[in-house]
2 protein chains.
Amino acid sequence: MALPVSPLAPKSYPDLPAIAGVRFATAEAGIKYKNRTDVLLCAFEEGTVVAGVLTRSRCPSAAVDWCRERLGAGKARGLLVTSGNATAFTGVKGRTSVAASAAYAAEALGCSTNEIFLASTGVIGEPLDPQKFAGVTKDMSSRLMGAPWMEPAKAIMTTDTFPKLASATVEFDGVPVSISGIAKGSGMIAPDMATMLSFIFTDAPVDAKVLQGLLQPQIEKSFNSITVDSDTSTSDTCLVFATGKAAIAPVTDAGDPRAQVFAEALGDVLHELAVLVVRDGEGATKLVTVTVEGAESDKSAFRIAQSIANSPLVKTAIAGEDANWGRVVMAVGKAGEAADRDKLCIAFGHITVAENGERSPGYDEAATSAYMRNQELEIRVGLGLGAGAATVYTCDLTHGYIAINGDYRS
Amino acid sequence: MALPVSPLAPKSYPDLPAIAGVRFATAEAGIKYKNRTDVLLCAFEEGTVVAGVLTRSRCPSAAVDWCRERLGAGKARGLLVTSGNATAFTGVKGRTSVAASAAYAAEALGCSTNEIFLASTGVIGEPLDPQKFAGVTKDMSSRLMGAPWMEPAKAIMTTDTFPKLASATVEFDGVPVSISGIAKGSGMIAPDMATMLSFIFTDAPVDAKVLQGLLQPQIEKSFNSITVDSDTSTSDTCLVFATGKAAIAPVTDAGDPRAQVFAEALGDVLHELAVLVVRDGEGATKLVTVTVEGAESDKSAFRIAQSIANSPLVKTAIAGEDANWGRVVMAVGKAGEAADRDKLCIAFGHITVAENGERSPGYDEAATSAYMRNQELEIRVGLGLGAGAATVYTCDLTHGYIAINGDYRS
């Protein structure tokens, strides 16, 4: 399972700031992987609030159920993340395992189990023995730190080939407020509300309900706008923890002008993490930005962009560096959304390849083929119907994807 | 482009009966392929009626538009099918090319251009010079035959690795009525109303409107229930030509008891051809039947079956002979249809692998892995909610699919 690092991996990783009120530790519990960390425990100081979005899958994991039941209260003191086993579709065993894991974490951190949030990804359907964490959480609680963030980012990985980190800082009245985020995800990526797993930490003093309200629209533009393989996970979880330690007046109302500034910084972090997930798409060699404009509505534009970004034929053509724009036409046509073939305009980067229902008069195969050899590509579609627009991020479909997923469990 | 024959190809091909009133010829027009036939011309005797279903793509090919405009009249004297160029998304050039091709065929057969039906598949967006057929149709019309059907079945192939033929015979009052069908298709297969291309010929005397009414429900159970790669073609076309030459009283009313007998025989032919298309799915090594039962409705069952059959993760696991039923759980969960995780039951063939929301107590990895090595597999899902059921046919996703589609145009 030692996959080569994605060619789309960033050249360097940001050094995320410590967040006042957040400390963490990682450990090797031997859940599935050998010789690497696979557990992350985060401890939050009292007063930390939490907001989150979870998978809309009708078959969610036990950990997702656990979080959903506790998000309403909005209070968090701990986060336990495990890698290699999703605790999904394990029935009563899964529910028991999740509750026991939360109890171990709560005991180690000295808080209520209802203040512990849980997330796990990995194999589906394999029961996880919570005994594996019995001594581990206690040990981790004795060596909590506020940095470096590289350790938690690595501990939550499964088929990821590189850790994913992003941060932003905003100032209010001269006081810096920090947002640090990590994510994991590489396959089974077509989030319906979040990525596989993403955790954001901030010292902003934001009311839990306000935070939840700010989060959802930012998720739409980030994790809900990426796809690796059109398969939506049973474990998708994005949680934002706000410790309130920054020395500014609390944000208790969504109408507070600072709320929007904070939401945009939060959105930047989410967007950066989401694109990192695509860059680590299983087998990916190209990062593709699909932009659809001129649709009847933003929603219609989004569905057409998804249809293009999920099309195996579009994705294999990109893998083959083939400027096969006819497959983009196909994907627009099958999306089930309003489209007028004879108004359609398609560009690869700044090269218009098709317009008014046929190949562009000045189409230059050599120039277009040269463009396709880039590692980062843009597919731009103009529908000429209205003002609806959307952007979806995807990667190519390669032999690597087949190889990784043909024997994942073995 | 000389692909190895699919391992799922049938061991032998049926010898289809000649259909009174139908004659055909094939030719090499050099549209894209070298040293193989790429044009089929069929001639129908006067009185032949036609019914058909065409792609619902919003970007249909010029040939599809041509057929749609002429299906209402229900009369056919000729069919011209070309391979290697889809005449799709070629704007005015495509419309002119299609009209000119029809004119050549009409001249060769001595009928009106409005009685000529056209179909073509291949590259999208490449203009097709109709001059290529100028002498060809005339020559073909001089050597029309009623058999063997292997020739037309081969002439309509593109990335197909074997020809697809099926037939059925029903008797009414001791008089045999024959149905002979051919199809092509291998990739870009997720028909929304038909396959890539399928043509059915019968000597049954059936009224055009009755025939159209009988066809649609049979399409739902055959071509609309298969998927190779979730990509819906711009050229999907299924046409049924009925010459009326069988010596039985005409079927002029859908309530005629013979209509249903005929429709079922027609359905058998369509179903056999549809499964042959899946057997020739690009890169396929396994034929997979996905059956969903106990859904809230047939439509809901169908959508869940499609979600499983289109999931890249399910399909790569099958390619790897991995009994990864957790991915089936994932695909059920993401379908957006009613499902209760804790009632879900999943079987591979007759081996129940999961029930009541977790792995079956008697789960046997060795037995299940042995089952996965079969060339034909069944995935059966029970939802336990209602009486809705559906079956969808698909194939695995292999390195072969990536290789074929990474450089299709070059």
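Let's start at one residue of this predicted model: setting aside the neighbours within four places in sequence, Gly52(B) is in contact with Cys67(B), Leu71(B), Thr237(B), Cys238(B), Leu239(B) and Val240(B). You will find Gly52(B) in strand 3 of chain B, which covers residues 49–54. Is Gly52(B) buried or exposed? A residue is called buried here if 20 or more other C-beta atoms lie within 10 Å of its own, and Gly52(B) has 27 such neighbours, so it counts as buried. For a sense of distance, take Ser101(B), which is 49 residues away from Gly52(B) along the chain: their C-alpha atoms are separated by 20 Å.

From here, let's turn to the sheets. In chain B, an open sheet of 4 strands runs in the order 1-2-4-5, and its pairing is mixed. Strand 1 (22–27) and strand 5 (116–123) of chain B are the edge strands, each pairing on one side only. On average, neighbouring strands of this sheet are turned by 10° against each other, direction ignored. Strand 1 of chain B runs antiparallel to strand 2 (residues 39–44) of chain B, and 6 bridges join the two. If you would like a pair to look for, Ala25(B) has Leu41(B) in strand 2 of chain B as its bridge partner. Helix 2 of chain B packs on this sheet and touches strand 2, strand 4 (78–85) and strand 5 of chain B. The direction of helix 2 makes about 130° with that of strand 5 of chain B.

Chain A also has an open sheet of 4 strands in the order 1-2-4-5, with mixed pairing. Its edge strands are strand 1 (22–27) and strand 5 (116–123) of chain A. Within it, strand 2 (residues 39–44) and strand 4 (residues 78–85) of chain A pair in the antiparallel sense over 5 bridges. Look there for Leu40(A), which stands opposite Val81(A) in strand 4 of chain A.

How are the two chains related? A turn of 180° with a shift of 0.0 Å along the axis lays chain B on chain A with an RMSD of 0.0 Å. The two copies are therefore related as by a two-fold rotation axis. In chain B, the C-alpha nearest this axis belongs to His399(B), at 2.8 Å from it. The same surface serves both copies, since 98% of the contact residues of chain B recur in chain A.

Now for the contact between the chains, which takes 54 residues from chain B and 53 residues from chain A. On the side of chain B that touches chain A, at least two residues come from each of helix 2 (91–109), helix 8 (312–319), helix 9 (326–334), strand 13 (358–359) and helix 11 (399–406) of chain B. Helix 9 of chain B gives the largest share, 6 residues. By class, this side of chain B divides into 20 nonpolar, 22 polar and 12 charged residues.

One place where the chains meet is the packing of helix 11 (residues 399–406) of chain A with helix 8 of chain B, at an angle of about 70° and with their axes 8 Å apart. Angles of 65 to 115 degrees count as roughly perpendicular, so these two helices are roughly perpendicular to each other. Helix 11 of chain A contributes Ile402(A), Asn405(A) and Gly406(A), while helix 8 of chain B contributes Leu313(B), Thr316(B), Ala317(B) and Ala319(B). This contact has 4 nonpolar, 3 polar and no charged residues.

Helix 8 of chain B deserves another look: 8 of its 8 residues are buried, so it is largely enclosed by the rest of the structure. Lys315(B) is one of these buried residues. They pack against helix 11 of chain A together with strand 10 (287–295), helix 7 (298–310), helix 9, strand 14 (376–382) and strand 15 (388–395) of chain B. After helix 8 of chain B comes Glu321(B), whose phi is positive, near 55°.

Our last stop is helix 9 of chain B, where 9 of the 9 residues are buried, so this helix too is largely enclosed by the rest of the structure. Among its buried residues are Arg327(B), Met330(B) and Lys334(B). The cover over them includes strand 5 of chain A together with helix 7, helix 8, strand 11 (345–348) and strand 14 of chain B. Just after helix 9 of chain B, Gly336(B) takes a positive phi of about 80°.

Conventions. Residues numbered from 1 in each chain as written. Chains lettered and ligands numbered in written order. Predicted model: local features only at pLDDT ≥ 70, side-chain atom pairs only at ≥ 80, totals over all residues. Contact = placed C-beta atoms within 7 Å. Nonpolar A, V, L, I, M, F, W, Y, C, P; charged D, E, K, R; others polar. Least-squares fit on C-alpha atoms with pLDDT ≥ 70 in both. Axes fitted to C-alpha atoms, helices over the stretch in contact; angles between N-to-C directions. Parallel < 35°, antiparallel > 145°, perpendicular 65-115°, else oblique. Buried ≥ 20, exposed ≤ 12 C-beta atoms within 10 Å, placed from the backbone. Pairing = 2+ DSSP bridges.
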